[in-house]
Amino acid sequence: MKLTNPETILFNGKITTLDTNKPEVSAIALAAGKVIAIGSDAEIQTLAIDSTRVINLHGKRVLPGLNDSHLHLIRGGLNYNLELRWEGVGSIADALVMLQLQAARTPAPQWVRVVGGWSEFQFKERRMPTLAEINAVCPDTPVFILHLYDRALLNAAALRAAGISKDTPDPVGGKVQRDAKGNPTGMLIAEPNAMILYSTLAKGPKLPLSDQINSTRHFMRELNRLGVTSCIDAGGGFQNYPEDYQVIAQLHAENQMTVRIAYNLFTQNPGNELADFQQWADIVKPYSGDSYFRHNGAGEMLAFSAADFEDFLQPRPDMAFGMEKELGDVVRLLVEKRWPFRLHATYDETIGRALDVFESIDQDTRFDNLRWFFDHAETVSEKNMARIKKLGGGIAVQHRMAFQGEYFVERYGKKAAEQTPPIRKMLELGIPVGGGTDATRVASFNPWVSLYWLITGKTVGGLSLYGESNCLEREEALRLWTAGSAYKSNEETVKGTLSVGMYADLIVISSDFMSIADEDIKAITSVLTIVGGKIVYAADDYSQFDAPLPPISPDWSPVQYFGGHQTPNTHYALQANPCLSPTCIVHGQQSHDGKLSLWLGLDGQQKQSQFENPWAMGCGCFAY
């Protein structure tokens, strides 16, 4: 590109460019939203003019901005300020105090909501909170706690607010757990899908529009703090187009986007999916928009009958008979309209049936170079990976196994988990692979937890899932989270590396990702995040460059008091009720992890306990 005067120069750093010609440099120059030069300090500093902002990196590592290829940012942003995050919290004692403190400041009729991103295996107590504990610390304010795709825990106040009583029947595909007298205990169980969880969550009050705008801005800022500069939004349940996109569209129109978003459209109408895509195909063109907000096609839901769910506490679901026609009608339309698409598929059996549909359509309506990919693909076989490759598809992987790998091992065994998903084999076959999280309701939105999982093969609870054969080198993992994700939105020529002419999207990180200990990767944050050449987040030595957002609203928001992603070193239990402790407040038991430690092999024994219900691990008062 034609060299112009640099607006910003960063020097005296360790800059990982992912440019094969200059993989690491010490300085970089930015102008007009792009990278205009990379090289040595001497080479780049000579380009400076009087107006150039020159930033000394003091040896810090710089990476291309991270790109989450599967994030529910638009929906998550509408609710971010409503939600209490347990991500990264190190103990149940702290988690319960967070509930207690937030319940005290949450006004009626609002709920306290913990919506995904955590696992009981992250807690030092190695167990779930009990319903009795939740009711004890929050007797009056409704509390809704979502655990992965399988359960929700509601206190008595939330049961009343949601209208769930002894007379409430079990919905199709879900179960209301009841005690011996038929009264609901507070546990909602997804059997076999999560509709009961999300439909109940949707009963809670929403934020007004002005707070949704504020909420979305603060969610993007939290992502910037963690080094995310781009994402592909995978739509989501109860996220209607165009109604639920007005907030992000307004922020885009007002130039307040700090994360680039390519968005996919997700059907909301079981049995009428084709009509949704026929309507949208007439009003939205593939890749329309600009570099900050652009259309990216269809999915991750194309046909409800073709979508499985990765609740590893339940047996693998078989897709409905006749799903091939419903999926085929939608995909044929998408191929005809040249709409790129993505499809949620956890299990190889689902992927195989979907590929039968795709290959049949390709016989008369050619896919050619249409961008398409499967999301998740935890158990995809080598045979089906070869079929994906032949048809020009890709795969987007997320660290869902980091949050429920223990459950997968319990159901399918340690051996099966070693290739779940088979990321190394995907790369060896030349399949385009992008990295991501599937946040916010299942896994955490923290990209460093995902990168840690890719590199170490460990869950957030420390269970080693993979051998070295299915773990990635650090640069390989980084490429999945940059160039690999950019390919999923047909943007690999403009972002994903810090080459000349690419978008000036980069992060200066708190610790050196390329050299620190594996366990320290999870704690990395960005201290300087730049999107399109503009500083959107700055902290520590660079805080003078920061431009803070308006205060968080509403003023009782959990984010106002706790922030977003937590760390195990934050101990809220010291700030509140001194009686709260890792002991069970019902039975006073000091240890809850006997069965769990044995099952996970954490006590050094080889034999694993077997029991009918993994949710019964630990204290027997859990379900009461």
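1. Which residues does Phe-358 touch, not counting residues up to four places away in sequence? In this predicted model, Phe-358 touches Leu-327, Val-331, Phe-341, Leu-343, Phe-367, Trp-372, Phe-374 and Leu-391, with residues up to four places away in sequence left out of the list.

2. Phe-358 belongs to the largest nonpolar core, which has 126 residues, and it is named together with Leu-327 and Phe-341 as having the most contacts inside that core. A second core, separate from this one, has 28 residues, among them Ile-92, Phe-123, Cys-138 and Leu-153. As general background, nonpolar side chains tend to be buried together in soluble globular proteins.

3. Strand 18, which spans residues 372–376, deserves attention next: five of its five residues are buried, so the strand is largely enclosed by the rest of the structure.

4. On one side of the pairing scheme, strand 17 (residues 341–345) runs parallel to strand 18 and is joined to it by five bridges, with Leu-343 standing opposite Phe-374. Between these two strands the chain passes through helix 11 (residues 348–364), and the resulting β-α-β crossover is right-handed.

5. Strand 18 also pairs with strand 19 (residues 394–398), again in the parallel sense, over three bridges, and here Phe-374 stands opposite Ile-395. The chain reaches strand 19 from strand 18 by way of helix 12 (residues 382–390), in a β-α-β crossover that is right-handed.

6. Phe-374 is thus a useful residue to follow in the model, as it stands opposite Leu-343 of strand 17 and opposite Ile-395 of strand 19, while Phe-358 touches both Leu-343 and Phe-374.

Methods:
Residues are numbered from 1 along each chain as its sequence is written. This is a predicted model: local features need pLDDT of at least 70, side-chain atom pairs count only at pLDDT 80 or more; totals for chains, interfaces and linings use all residues. Side-chain values use heavy atoms; hydrogens and water are left out. A nonpolar core is a set of buried Ala, Val, Leu, Ile, Met, Phe, Trp, Tyr and Cys residues joined through side-chain atoms within 4.5 Å. Buried means under 20% relative accessible area, exposed over 50%, partly exposed in between (1.4 Å probe, protein chains only). Contact means heavy atoms within 4.5 Å. Helices (H or I, at least four residues) and strands (E, at least two) are DSSP runs, numbered from the N terminus. Two strands pair if DSSP finds at least two bridges between them. A crossover is right-handed if, with the strands pointing away from the viewer, the path from the first strand over the helix to the second runs clockwise.
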